[in-house]
Amino acid sequence: MSETTMTLDEIHKLAKETLMAHGCDAENAGAVADTITRAEGDGCHSHGLMRLPGYVATLKSGKVNGKARPSVKKLAPAVVQVNGHNCFAPMALNEGRAHLIDAAKTCGIAAMPLIGIHHFAALWAEVEPIADAGLIGFACTSYKPAVIPAGGTKALYGTNPICFGWPRPGKPSMVFDQASSVMARGEVMLAAREGHTLPEGVGVDADGNPTTDPDEVLKGALLAFGGYKGSSIAMMVELLAGGLIGESFSFEAAQRDNGDGGPPQGGEFMMAMDPNLFGDADGWADHADAFFDKMLEQDNVRLPGARRHKNRGETAKTGVAVSNIILDKISAL
Ligand code: NDP
């Protein structure tokens, strides 16, 4: 596969300028470009530049407002609602983050429902700043139907990722971030683009037959990880990021989507907790670190996020090898 090496600054500039050329103002474009650049820098290519054509499609169709100004409203002392007014999620998160952190530090625990946003990104980039601010963070979001409920035959849930972050003062925060499908749809798209087959058990074709062909899975549906257990987690995400906060379930988001190929309008649920207000202010950090050390005593055990942090250290120096197929698609925009 032919590739071009780009610095992180070049990636950011390309993303920001492309978004601004299609109707974003500098602040909205910068928020999305930050997210794309962080994904490329951490080696999460399925949420990097590959997503730019999808972001642009929503600007061209008018579904997303690239000049939106999200608004923040306190629904309760510890519930901070952000209305994106049809912006991309990173812009709404930038607007709400400090309010969530502040509410969690005051109340011990706080939630941030985000409504009226378009989510097309990796969640770790959103939870890591919460953990880096010294708080435990959680986020989840739904999408459009892509995953079959356990026992069913038709996609109903989105790939519905959940992300959890744990602060480690003086060390990189521990953040895990996983789709509730066996594989994230972005990874299936990547396999389709690169001509790889998928492992058994990832998904089914449009007729419900198991297949390892990523193109057929994209026309069909994915399976939840761990059978009915992952299926229940995907259901929980639908309830938190949709039912609880007055936003759409994945199937409703799809019904009102214009099919432009970009992210539908939907919701996201975030939560933060201040570990200093849960009864072990002086001990929690060392106690948890001793637990991580215990885990890492075993061969082949690593902390979630360690791969990303290693990539981050390297790409800051070496840049990122970006597929020329993606760069061609971006220049064609
Ligand atoms: P992966 O299966 O690649 O990884 C899931 C998590 O497990 C990561 O935190 C990863 O850390 C960790 N991990 C992987 N291998 C190990 C290991 N051997 N030991 C310990 N931890 C490990 O992610 P998914 O494919 O499920 O999801 C990819 C991305 O897609 C996520 O960022 C998610 O937010 C995003 N997504 C976004 C959606 C949206 O609608 N916006 C929908 C669905 C997914 P590490 O990164 O260090 O490998």
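In which sense do strand 2 and strand 3 pair, and over how many bridges? Select both: strand 2 and strand 3 (residues 79-88) run antiparallel, joined over 5 bridges. Strands here are DSSP E runs of at least two residues, helices are H or I runs of at least four, and both are numbered from the N terminus. Two strands pair if DSSP finds at least two bridges between them. Valine 72 has valine 82 in strand 3 as its bridge partner.

Before going on, note that this is a predicted model: local features need pLDDT of at least 70, side-chain atom pairs count only at pLDDT 80 or more, and totals for chains, interfaces and linings use all residues. Residues are numbered from 1 along each chain as its sequence is written, and side-chain values use heavy atoms, with hydrogens and water left out.

**The seven-stranded sheet**

Widen the selection to the open sheet of 7 strands, in the order 2-3-4-12-5-7-8. Its pairing is mixed. Strand 2 (71-76) and strand 8 (174-178) are the edges, each pairing on one side only. On average, neighbouring strands are turned by 15 degrees against each other, direction ignored.

Now add helix 5 (residues 124-132), which packs on this sheet. Helix 5 touches strand 5 (136-141), strand 7 (162-166), strand 8 and strand 12 (265-273). Contact means heavy atoms within 4.5 Å. The direction of helix 5 makes about 25 degrees with that of strand 7. Axes are lines fitted to C-alpha atoms, for helices over the stretch in contact, and angles run from 0 to 180 degrees between N-to-C directions.

**The four-stranded sheet**

Next, pick the open sheet of 4 strands, ordered 6-11-9-10 with mixed pairing. Strand 6 (147-148) and strand 10 (210-211) are its edges. Strand 9 (residues 203-204) runs antiparallel to strand 10, with 2 bridges between them. Glycine 203 bridges to threonine 211 in strand 10.

**The helix crossing**

Select helix 2 (residues 26-41) and helix 11 (residues 306-318). They pack at about 100 degrees, axes 8 Å apart. That makes helix 2 roughly perpendicular to helix 11 (65 to 115 degrees). Show Arg38, Glu40 and Gly41 in helix 2; they meet Asn311, Arg312 and Thr315 in helix 11.

**The ligand**

Finish at the ligand. 21 residues surround it (a heavy atom within 4 Å), and the closest are Asp177, Ala179, Arg302, Gly305 and Arg307. Polar side-chain atoms of arginine 302 and arginine 307 lie 2.9 Å and 2.8 Å from a ligand oxygen atom. A polar side-chain atom of histidine 119 lies 3.0 Å from a ligand nitrogen atom.

Note on methods: Angles under 35 degrees count as roughly parallel, over 145 as roughly antiparallel, 65 to 115 as roughly perpendicular and the rest as oblique. A polar contact is a pair of N or O atoms within 3.5 Å; within protein, one must be able to donate a hydrogen and the other to accept it, and residues adjacent in sequence count only if both atoms are side-chain atoms.
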